Structures are given as C-alpha cells and as structure tokens.
Amino acid sequence: VIEIRARVGGYLDKVLFHDGADVDENELLAVIDPRTYKAELARATAAVNQARSRQDRTFKELERAKKLLADKVVTQEDFDRLQFDHTEAQAALQVAEATESLAQLNLGFTEIRSPVKGKISRRLIDEGNLVKADDSLLATIGAVDPIRAYFEIDERTVLKLRQLILGGQMQLPTEQKLEVQLSLANEKYFSLRGVIDFTDNALDPHTGTLRARASIENGNLLLLPGLIVRCRMPIGNARNGLFIPEEALGSDQGQRYIYVLNDKDEVVYRSVSVGMQMSGWRCVEGELTTSDRVIVTGLQRVRPGQKVAPKVGSQSAESLPVTNKPKPAAQVDPAKSPSTPAS
C-alpha cells in the first residue's frame with residue numbers, strides 16, 4: 001500500500017482521479033498551484049545565465065593575462081587574482097545550476113503522479129486546501145499486480161521442510177520457484193497459483209510459526225488487498241491418490257476403516273490410513289484398490305460377513321481436480337438385504 005503525499009507545499013489546484021478508481025503507473029493524480037515554483041525556476045535560470053556570463057568574462061581575462069604574463073606586462077600577483085576569480089566563477093555557475101535543478105525538481109513535484117499501478121482510495125483532501133510538504137496525505141494506492149499473500153507455516157512442518165532440504169530432497173525457495181496454490185473464500189478448489197518469494201529468518205515465538213509470502217500475478221485485478229485466501233504448498237513430486245467420500249470412513253479407537261463388498265456382496269472390513277481432504281473426498285491408503293466397492297451409507301447397520309443388496313451410489317467425483325476419478329461408491333439398502341437387517 002502506497003501513501004500518496006505532496007513533496008512540495010502549496011494550495012491543491014486540481015484532483016484528477018475518481019475515488020476508488022484503478023490507476024496506472026505514472027498517471028497524473030493531482031496538481032498543486034505551480035505559479036510560485038515557476039517563478040522560482042525563472043529566477044534560478046536567470047542566475048545561471050548570470051553566472052555563466054561571469055565565467056566567460058573571467059575566462060577571457062585569464063587567457064589575455066597568460067599572454068601578457070609571458071611578456072611581463074602584468075605581474076604574477078595580478079595573474080593569480082584573475083585565475084582565482086575564474087575558479088570562483090566556475091564554482092558560482094555550479095551552484096546556480098544546482099539551484100536551477102532543484103527549482104525544476106520542485107516544479108515537477110507540483111504534479112503528483114502514481115508510483116505504481118493499483119486501486120486508489122477516496123481523496124482525503126479536497127481542491128483548494130493547503131497542502132504541507134511531505135506531511136499531507138492525499139490518498140492511498142493498493143498495488144495489486146502482482147499481489148502478495150502472506151501465510152504461516154507451523155513449527156513441525158518447518159522442521160520437516162528443513163530435513164528435506166538437508167537431505168537433498170528439496171531446494172530452498174531462493175534456489176527454485178516453489179509454487180503455492182490458493183483459493184478464495186467463495187471457491188472450493190485452489191484455482192490460483194503463486195510463487196514463494198520470501199520466508200522470514202526466524203519463527204515467531206508467540207505463535208510458533210514461520211511467515212512466508214507468495215507473489216501472485218493479478219493482471220485481471222481479481223484480488224484486492226486485505227482478502228483472506230487459503231494457501232496450500234505442495235511438497236515433493238505429484239502422485240496419484242485414491243479418494244473416497246468422507247462419510248465412508250469409520251473410526252474404531254482411532255483406527256480408520258471402511259467397509260467394502262466382495263464378489264458375493266458380503267461386507268468386508270478394511271483398515272486404511274487417511275490423507276488429505278478435498279471437497280468432501282478423502283485420500284486413503286491401505287487395503288483398497290480401484291476395483292473395490294465401498295459402502296458409503298448405512299455403515300451403522302452392517303457388520304463384517306453380512307450379505308447385503310447394494311445399489312450404485314449417486315455421488316459423483318467429477319468435480320475433483322484430479323486426473324483419475326474414483327469409481328462410484330456402493331450404497332447399502334438394508335431394507336432389501338436378503339439376510340437379517342442390521343439394527
């Protein structure tokens with residue numbers, strides 16, 4: 001966020017931006033009354049001309065004195081005085097030129113321009129008010145392209161990453177572009193991509209987390225400063241995973257399990273370990289293959305070895321952003337079970 005302040009003082013003559021508008025880099029935002037600074041520039045320019053004329057005069061006098069000194073028409077003392085006068089005239093010209101450059105700079109500061117591309121706030125000072133140099137705040141601009149997202153990494157994850165780096169399985173963010181996936185508050189999936197460009201040099205002792213920052217291209221100006229995003233940083237190489245609906249998982253004293261059906265439509269107990277969650281689906285590993293039929297509903301009414309009459313579930317995994325979609329899960333209808341219904 002950039003604070004727009006006047007570099008010179010004066011009365012605010014014009015405000016050329018609309019409140020809340022998108023502004024480009026170097027776009028003219030406001031104008032301070034330039035008449036005083038134009039007069040200062042004119043006076044400085046006249047001083048430069050005056051100093052340049054004096055320098056030219058002392059130079060010609062010095063050149064003539066050199067010839068006369070050889071003929072001993074002038075004394076060494078007079079020659080030295082002319083030489084010092086010429087050196088002094090050169091220094092006076094440099095002072096006048098510096099004063100002119102400063103006056104030109106101050107005149108340019110009467111035109112207040114945007115230093116970045118972004119979205120400007122409302123005006124904080126109206127036309128006609130007196131503006132103080134380096135003090136009066138005119139507006140603020142949020143630079144939105146690129147925009148940066150800050151997120152925290154917990155201590156255990158930081159230690160895991162450090163071990164991967166020391167083991168040569170991962171590189172530092174300064175050595176490679178680590179991608180971060182982001183999603184907005186109204187999104188289910190991580191549709192945005194960013195690159196980590198900063199990690200802090202120490203963990204916050206109050207929260208036990210390490211702050212990191214990702215830079216995101218925002219050419220369409222979708223993102224605004226202050227938005228809350230969810231960040232996900234993939235570690236290692238991409239791999240395939242087997243996903244099942246979240247409600248198909250059961251828990252037995254901390255052990256996660258699922259029920260599947262064999263070729264005889266009998267219930268079989270399978271223990272699994274769970275991984276990441278994605279839009280109501282959970283990645284699982286263990287005694288499960290892509291050809292298995294997983295019981296999704298009616299888990300409380302079935303038991304291992306029980307025979308049931310399954311029907312294909314209505315859930316669809318087409319919305320999952322993965323390449324290999326899981327097959328439809330099985331749903332148990334105990335009312336149609338040929339054996340004794342589960343209670």
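**View 1: Val-180 and its bridge partner.** Val-180 pairs up with Gly-194 of β11 as its bridge partner. The strands here are β10 (residues 179-183) and β11 (residues 192-199), antiparallel and joined over 4 bridges. Strands count as paired when DSSP finds at least two bridges between them; helices (H or I, at least four residues) and strands (E, at least two) are DSSP runs, numbered from the N terminus. This is a predicted model, where local features need pLDDT of at least 70, side-chain atom pairs count only at pLDDT 80 or more, and totals for chains, interfaces and linings use all residues. Residues are numbered from 1 along each chain as its sequence is written, and side-chain values use heavy atoms, with hydrogens and water left out.

**View 2: the sheet of 5 strands.** Pull back and β10 and β11 turn up in an open antiparallel sheet, ordered β9-β12-β11-β10-β13. Its edges are β9 (147-154) and β13 (230-232); each has a single partner strand, so one side of each has no neighbour in the sheet. On average, neighbouring strands are turned by 40° against each other, direction ignored.

**View 3: helix α3 on the sheet.** Helix α3 (residues 155-166) lies across β9 and β12 (209-216), running at about 95° to β9. Angles run from 0 to 180 degrees between N-to-C directions, with axes fitted to C-alpha atoms, for helices over the stretch in contact, meaning heavy atoms within 4.5 Å.

**View 4: the sheet of 4 strands.** This open sheet goes β1-β8-β6-β3, again with antiparallel pairing. β1 (2-5) and β3 (22-23) take the edges with a single partner strand each, so one side of each is left without a neighbour in the sheet. Between β6 (residues 118-120) and β8 (residues 137-143) there are 3 bridges, and Ile-120 has Ile-141 in β8 as its bridge partner.
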